[in-house]
Amino acid sequence: MRGLLRTSLVASVLVPSMLSAQGVVVQSTTDTHLMGGLGTIANIAARMGGGNMRDNHLTTTISGHKLKTESGNTATIVDADAGTFTTIDNKQKTYTTMTFADMAAAMQQARQNMANQMNKPPDAHAANPNAQKGSMDMKYSVKVDPTTERQQVAGYDAERVFLTISVEGTAKPDSGNAQQVGTMVLLIDQWLSKDAPQIAAMKDFQKAYMGKAGDAFRAQASGLQAVFASDPRIKDGFDAAAKELAKMQGIALSSTTYVTLVPANMTFDRNLALADASGAAKKDAAPKSGGRFGGLMGAIKSVAGQASEKQGDKSASTEPPKQATLMTLTDQVTSIAQEAVPASAFAVPAGYREIKSPMLRGQ
């Protein structure tokens with residue numbers, strides 16, 4: 001018995017990468033779809049850059065107080081106990097590591113740089129002397145709409161819930177009456193599960209994360225409080241959002257976000273947004289071309305032609321404006337596995353070179 005115990009202790013010290021802990025591995029796909037000709041151009045440009053906006057695969061691994069996400073050539077590891085973020089570039093075989101304190105300092109510096117930029121006097125040469133002066137008032141609203149619809153997603157029962165976030169803009173010129181400029185609406189169509197195994201795993205990880213990151217990010221929390229104090233409307237918006245979001249129980253196994261613009265004095269139509277996106281997806285197709293450059297130029301010419309036709313169509317100009325869905329973002333869980341996760345899953349591969357994070361190079 002002693003020999004067996006001694007052997008186990010030696011193994012745990014000399015071969016830590018072989019040890020495993022119970023964890024959860026979630027496979028999912030993400031998809032970004034820009035509507036119309038703009039979407040065609042964006043898809044071609046992404047392919048020219050070696051990327052892809054459609055059907056991207058994501059692997060999320062949670063074990064204890066560690067979380068890893070992998071997509072394409074990159075991976076990110078968050079170690080709550082060590083208080084570190086590690087980003088891995090598998091293509092370049094490099095990695096960067098930042099502590100929670102490093103990240104908080106970089107965020108503070110970025111916020112200060114933005115504040116300095118906003119406080120700079122306007123460039124007299126770049127400014128438009130004919131531009132009307134005034135301000136923009138933004139009104140936020142959040143609404144949660146549960147449904148009775150249920151279905152199986154990745155083998156788990158899920159309930160459909162709609163989350164609608166609206167940002168209504170009103171222009172207030174220095175002279176004249178205020179005018180509505182329209183509303184941007186984020187419609188999130190989610191299928192929530194209350195029994196998926198990653199719920200407990202994520203809760204345990206987040207508890208450890210918040211316990212470790214609390215002190216490091218306290219300055220950022222104080223900054224948000226200062227913003228709330230300077231503009232109570234933001235605090236009211238956050239309070240209303242928190243109240244509505246508390247109604248949502250579980251984790252999203254399938255989620256589609258619709259980004260829609262609604263003209264002034266019009267009401268957002270959820271069914272119209274769902275129908276528009278569905279119809280655009282069916283009609284969407286890549287243009288035929290003999291090469292990458294030809295495909296991009298062909299798409300631009302196609303969009304320009306469509307714009308010219310609309311401008312020349314008098315009947316189209318008299319038609320009242322309608323809401324328009326600009327893009328959709330979809331996240332679909334495809335599988336969930338509870339399995340033993342080796343410690344090596346959260347380690348940087350051997351032979352990779354450490355480089356300094358771009359967020360820290362200015363410090």
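The exercises below, each with a worked solution, go through selected features of a predicted model.

**Exercise 1. Strands β3, β4 and β5**

Describe how strand β4 pairs with β3 and with β5, and find the glycine with a positive phi in each hairpin.

Solution. Begin with strand β3, residues 66-71, and strand β4, residues 74-79, which pair in the antiparallel sense over six bridges. Within this pairing, K68 stands opposite I77 of β4. The hairpin that β3 and β4 make has two residues between the strands, and there G72 takes a positive phi near 60°.

Next, follow β4 to strand β5, residues 84-89, to which β4 is joined by six bridges in an antiparallel arrangement. Here T74 has D89 in β5 as its bridge partner. The hairpin of β4 and β5 has four residues between the strands, and G83 in the turn shows a positive phi of about 70°. To think about where the side chains of such strands point, it helps to recall that side chains in a regular strand alternate between the two faces of the sheet.

**Exercise 2. Positive phi outside glycine**

Locate A154 and N265, and decide for each residue whether it is buried, partly exposed or exposed.

Solution. Take A154 to begin with, a residue other than glycine whose phi is nevertheless positive, near 55°. A154 is found in the loop between β7 and β8, and with a relative accessible area of 26% it counts as partly exposed.

Then turn to N265, which is also a residue other than glycine and has a positive phi, near 65°. N265 belongs to the loop between β10 (251-262) and α7 (270-283). The relative accessible area of N265 is 71%, and because the limit for exposed is over 50%, N265 counts as exposed.

**Exercise 3. The salt bridges of R160**

Work out which acidic residues R160 meets in salt bridges, and which parts of the chain are linked in this way.

Solution. The structure holds eight salt bridges. One of them joins E149 to R160, with the closest N and O atoms 3.2 Å apart. E149 lies in strand β7, residues 134-153, and R160 in strand β8, residues 156-173, so this pair ties together parts that are eleven residues apart in sequence. As for the surroundings, E149 is partly exposed at a relative accessible area of 35%, while R160, at 16%, falls under the 20% limit and therefore counts as buried.

The side chain of R160 also meets that of D189 in a salt bridge, at 2.6 Å from N to O. This pair links distant parts of the chain, since R160 is in strand β8 and D189 is in strand β9, residues 179-193, the two being 29 residues apart. Both R160 and D189 are buried.

**Exercise 4. An aromatic cluster**

Trace the ring pairs that involve Y209, and name the members of the cluster to which Y209 belongs.

Solution. The whole structure has four aromatic pairs. In one of them, F85 and Y209 meet edge-to-face, with 6.4 Å from centre to centre and 70° between the planes. F85 lies in strand β5 and Y209 in helix α4, residues 198-213, so the pair ties together parts that are 124 residues apart in sequence. F85 counts as buried at 14% relative accessibility, whereas Y209, at 21%, counts as partly exposed.

The pair of F100 and Y209 is edge-to-face as well, with 5.1 Å between the centres and 65° between the planes. F100 is in helix α3, residues 100-118, and Y209 is in helix α4, so that distant parts of the chain, 109 residues apart, are linked. At 3% relative accessibility, F100 counts as buried. Taken together, ring pairs link F85, F100, F205 and Y209 into a cluster.

**Exercise 5. A nonpolar patch and a charge over a ring**

Which residues form a nonpolar patch on the surface, and over which ring does the charged end of R270 sit?

Solution. The patch consists of M184, L261 and L326, which together have about 240 Å² of accessible area. L326 has its place in strand β11, residues 324-342, and is partly exposed, with a relative accessible area of 39%. The charged end of R270, for its part, sits over the ring of F162, at 3.9 Å from the ring centre.

Definitions and conventions
Residues numbered from 1 in each chain as written. Predicted model: local features only at pLDDT ≥ 70, side-chain atom pairs only at ≥ 80, totals over all residues. Heavy atoms only, no water. Patch = residues over 30% accessible without salt bridge, like charges linked within 9 Å, V, L, I, M, F, W, Y side chains within 5 Å. Areas by Shrake-Rupley, 256 points an atom, 1.4 Å probe, with all protein chains shown as cover. Salt bridge = Lys/Arg side-chain N within 4 Å of Asp/Glu carboxyl O. Buried < 20%, exposed > 50% of the residue type's maximum accessible area, 1.4 Å probe, protein only. Pairing = 2+ DSSP bridges. Phe/Tyr/Trp six-rings, centres within 6.5 Å; stacked < 30°, edge-to-face > 60°. Lys NZ or Arg CZ within 6 Å of the ring centre and 35° of its normal.
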